[in-house]
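Subject: Structure handover

Hi,

Here is the structure for your files. My notes on what turned up follow below.

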Amino acid sequence: MPSSLHAADVALRAVFAGVQHVSLHTADPGRVGHGEIVGGAYRRQATIFGAPQNGAVKNTATLYFENMPESKPTHFGVWSGGGHFLWGGVLRPDGEARTLTPVHAGNTVMVRVGVIQIVME
């Protein structure tokens, strides 16, 4: 049975309070963060999620993953400040799940505000 929107907002506020880190993945990260991109100068990017609304939170700032290795990111991960995997999902740069263009070595991947969306059902 799904939770109420209020209960979802309360839970999301508790889990996503403060600074979190976003990662990029080449496959579904599952429950532990599998498939995270490695190499180049890639590193997780710090972000703050907005206040929960209708059972969802979104990133509030544009993220820049600079000097990427050759890769094809398809998913994201969210990690606590202590390095614990919290959530993963499909990258939806235009609101729709789709295959992203491969990233060439040395390029920057920009993730716009609102692309990283966590929805609790």
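Tryptophan 79 and phenylalanine 85 are both buried (under 20% relative accessible area with a 1.4 Å probe, protein chains only; over 50% is exposed, in between partly exposed). This is a predicted model: local features need pLDDT of at least 70, side-chain atom pairs pLDDT 80 or more, while totals for chains, interfaces and linings use all residues. Residues are numbered from 1 along each chain as its sequence is written, and side-chain values use heavy atoms, without hydrogens and water.

Aromatics next. Rings of Phe, Tyr and Trp (its six-membered ring) pair if their centres lie within 6.5 Å; planes under 30 degrees apart are stacked, over 60 edge-to-face, the rest tilted. That rule gives 4 aromatic pairs. Tryptophan 79 and phenylalanine 85 form an edge-to-face one, at 5.0 Å centre to centre and 70 degrees between the planes. Phe16, Phe49 and Trp87 are linked by ring pairs into a cluster.

Now the core. The largest nonpolar core (buried Ala, Val, Leu, Ile, Met, Phe, Trp, Tyr and Cys joined through side-chain atoms within 4.5 Å) has 20 residues. Leu24, Phe65, Met68, Ile116 and Ile118 have the most contacts inside it. Two or more residues each come from β1 (19-25), β4 (63-65), β5 (75-79) and β7 (109-111); strands are DSSP runs of E, at least two residues, numbered from the N terminus. Leucine 24 has contacts (heavy atoms within 4.5 Å) that include Tyr42, Phe65, Met68 and Val109, leaving aside residues up to four places away in sequence.

Best wishes

How values were computed:
Helix = DSSP H or I, 4+ residues; strand = E, 2+ residues; numbered from the N terminus.
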